[in-house]
Amino acid sequence: YLAAPGSHPSFESVVLRSDLGLTLDADTIRHSMEVRNLLELQAVDLACMRRDAADLEHLDSIVAETRARLAQQRSIIDLDEAFHLGVVAASKNPVFVQIVHAFYRLSMVRREVYFSDLKRCQRSHREHQAILRAIRARDAGKARQAMHGHIHEGFWRSLLKHSARPS
């Protein structure tokens, strides 16, 4: 079930290994993040088209709680996940939410490292505000650009550069 010898493990087994605290290889991490990036970009497109007032209210409350947490000099790791899953939920596709949630389980250890730095938390908050403004305006182009910058320049670049193979 998990993987035939010499084959790639199933996504479910990769998430299970992560949940159990087992080490994932750099290629698996990089491949998973590439897929997560695609999913998050699609999520903001759908959120711009399908969001309603309740979605905006939910995202606004997460942004407000994030601001309060940062004022207390505390990590926003849980609020970051809530914001991203809130964007996906605005797609109105529950299967999409389940799939993206698995990626957050998969990246928990790396996200704990990332969000242990309050400057990164503050940057993430500013980027969430830009994403939310674009979703509110139903501007899919700006939302995609903001999400791409958020994932690529923040989390992806700072943590996965350590997973790159030496030249």
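# Pocket, helices and selected residues of a predicted model

Student: In this predicted model, how many residues of each class does the lining of the largest pocket have?

Tutor: The residues that line the largest pocket are H8, P9, F11, V14, D25, D27, T28, H31, S32, V35 and F103. Pro, Phe and Val count as nonpolar and Asp as charged, while the others listed here count as polar. By class, the lining therefore comprises five nonpolar, four polar and two charged residues.

Student: Which element gives the most to the lining of the largest pocket?

Tutor: The largest pocket holds about 220 Å³ of space. Two elements, α1 and α2, each give two or more residues to its lining. With five residues, the element that gives the most is α2.

Student: How many helices does the chain have?

Tutor: From the N terminus on, the elements run α-α-α-α-α-α-α-α. The chain has zero strands, and its number of helices is eight.

Student: What share of the contacts with a separation of 6 or more joins residues 24 or more positions apart?

Tutor: Of the 167 residues in the chain, 44% are buried. Among contacts with a separation of 6 or more, the share from residues 24 or more positions apart is 74%.

Student: Why does the distance between the end C-alpha atoms of α5 agree with the expected span?

Tutor: Helix α5 covers residues 94-106, which is 13 residues. The expected span is 1.5 Å times one less than the number of residues, so α5 should span 18 Å. The distance between its end C-alpha atoms agrees with this, at 19 Å.

Student: Which residue caps the N-terminal end of α5?

Tutor: A side-chain oxygen of the capping residue lies 3.0 Å from the backbone nitrogen of V95. The residue that supplies this oxygen is N93.

Student: Against which helices do the buried residues of α5 pack?

Tutor: In α5, the buried residues are F96, V100, A102, F103, Y104 and L106. One of them, F103, also lines the largest pocket. The buried residues of α5 pack against α1 (11-19), α2 (26-50), α4 (77-89) and α6 (108-114).

Student: How many of the 13 residues of α4 are buried?

Tutor: Helix α4 reaches 18 Å from its first C-alpha to its last, close to the 18 Å expected at 1.5 Å a residue. Its buried residues are I77, L79, D80, E81, F83, H84, L85, G86, V87 and V88. The helix is thus mostly covered, and its count of buried residues is 10.

Student: Is D80 buried or exposed?

Tutor: D80 lies in helix α4. Not counting residues up to four places away in sequence, D80 touches Y104, R111, F115, S124, H128 and H150. Because its relative accessible area of 2% falls under the 20% cut-off, D80 is classed as buried.

Student: What is the accessibility class of R136?

Tutor: R136 lies in helix α7 (residues 118-136). Its relative accessible area is 36%. Because this value falls between the cut-offs of 20% and 50%, R136 is classed as partly exposed.

Student: Which residue has a side chain joined to that of R136 by a polar contact?

Tutor: R136 touches R51, L56 and D60, not counting residues up to four places away in sequence. A polar contact of 2.5 Å joins the side chain of R136 to that of D60.

Student: What distance separates the C-alpha atoms of R136 and C48?

Tutor: Along the chain, R136 and C48 are 88 residues apart. In space, their C-alpha atoms are separated by 7.2 Å.

Key:
Residues numbered from 1 in each chain as written. Predicted model: local features only at pLDDT ≥ 70, side-chain atom pairs only at ≥ 80, totals over all residues. Heavy atoms only, no water. Helix = DSSP H or I, 4+ residues; strand = E, 2+ residues; numbered from the N terminus. Buried < 20%, exposed > 50% of the residue type's maximum accessible area, 1.4 Å probe, protein only. Contact = heavy atoms within 4.5 Å. Polar contact = N/O pair within 3.5 Å; in protein donor to acceptor, adjacent residues only side chain to side chain. 1 Å grid on protein atoms, 1.4 Å probe; cavity = no way out; pocket = protein on both sides within 12 Å on 5 of 7 lines; lining within 4 Å. Points joined across faces, edges and corners; volume = space filled by probe spheres on them.
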